[in-house]
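Student: I'd like a close look at one part of this protein, the place where two helices pack against each other. Could you walk me through that contact and then show me what surrounds it in the rest of the fold?

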Amino acid sequence: MSKLRCSNCDKDAKVVRGSYPFKESGLNVVLQGIELVRCKSCGNEDPIIPRVDDLMRTIAIAVIMKPYQLRGEDVRFLRKYLRMTGAEFARLMDVDKTTLSKWENNDDVVGSQSDRLIRLTVLGLGEGLREKLDEVIRTVFPNIRRTGAKTAPKVGIEIDPKKLTHQYI
Ligand SMILES: [Zn+2]
């Protein structure tokens, strides 16, 4: 155990292993079994996130392979994964910025074709995702469930940052 200080109160903190709700992603993602700097004094926990690029890619894959229609936060995460502005991404999707904004805020459901176009675009342009293209088209596309509800169902994602695997919860 190394000597560490809490980023919140500056008291002594120590490293423990646990799960961490990765709210910074904007998604309902839980990172399993990662190291956390935990402070007994104030209860603050800071994750030690290893290999951030690999982790973000694993989350992007989990979102793209989700067998449910994309939600607003999924679209936003994927757009940011491409490091694109709303205007840039809207232009690629051939929708106006308002439409994209409505999607991202769950004010409007992403249509079935737009959903697939988004997944394909991110697979094509996203760092390290192209190898998944075939699998997604053949095994994910036929199985994307649409509920007909006004908003797509919320599905949580558990990530094992060591194995870089995901599962839905
Ligand atoms: Zn503290």
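Tutor: Let's start with the yardstick: an angle between axes of 65 to 115 degrees counts as roughly perpendicular, while angles under 35 degrees count as roughly parallel and those over 145 as roughly antiparallel. Keep in mind that this is a predicted model.

Now take helix H3, residues 86-93, and helix H4, residues 97-104, which pack at an angle of about 105 degrees. H3 and H4 are therefore roughly perpendicular to each other. Their axes are 9 Å apart. On the H3 side, the contact is made by Gly86, Ala87, Phe89, Ala90 and Met93, and H4 answers with Lys97, Leu100 and Ser101. Sort those by class and you get five nonpolar, two polar and one charged residues.

From there, step out to the core. The largest nonpolar core has 29 residues, and H4 is one of the elements that give two or more residues to it. The others are E3, H1 (52-64), H2 (72-81), H5 (112-125) and strand E5 (157-160). H1 supplies the largest share, six residues. If you want the residues with the most contacts inside the core, look at Val29, Ile59, Ala60, Val63, Leu78 and Val122. Ile59 is a good one to click on: leaving aside residues up to four places away in sequence, Ile59 touches Ser25, Leu27, Val29, Ile157 and Ile159.

E3 brings us to the strands. Strand E3 (residues 29-39) runs antiparallel to E2, and eight bridges join the two; Lys14, for instance, has Arg38 in E3 as its bridge partner. On E2 (residues 12-21) you'll also find strand E1 (residues 4-5), paired in the antiparallel sense over two bridges, with Leu4 bridging to Ala13. Six residues lie between the strands in the E1 and E2 hairpin, where Asp10 takes a positive phi near 70 degrees.

Zoom out, and the chain has six helices and six strands, in the order β-β-β-β-α-α-α-α-α-α-β-β from the N terminus on. The C-alpha trace spans about 50 × 30 × 30 Å along its principal axes, and 27% of the 169 residues count as buried. Finally, of the contacts with a separation of 6 or more, 61% are between residues 24 or more positions apart.

Methods:
Residues numbered from 1 in each chain as written. Predicted model: local features only at pLDDT ≥ 70, side-chain atom pairs only at ≥ 80, totals over all residues. Pairing = 2+ DSSP bridges. Helix = DSSP H or I, 4+ residues; strand = E, 2+ residues; numbered from the N terminus. Axes fitted to C-alpha atoms, helices over the stretch in contact; angles between N-to-C directions. Contact = placed C-beta atoms within 7 Å. Nonpolar A, V, L, I, M, F, W, Y, C, P; charged D, E, K, R; others polar. Core = buried A, V, L, I, M, F, W, Y, C linked by C-beta atoms within 7 Å. Buried ≥ 20, exposed ≤ 12 C-beta atoms within 10 Å, placed from the backbone.
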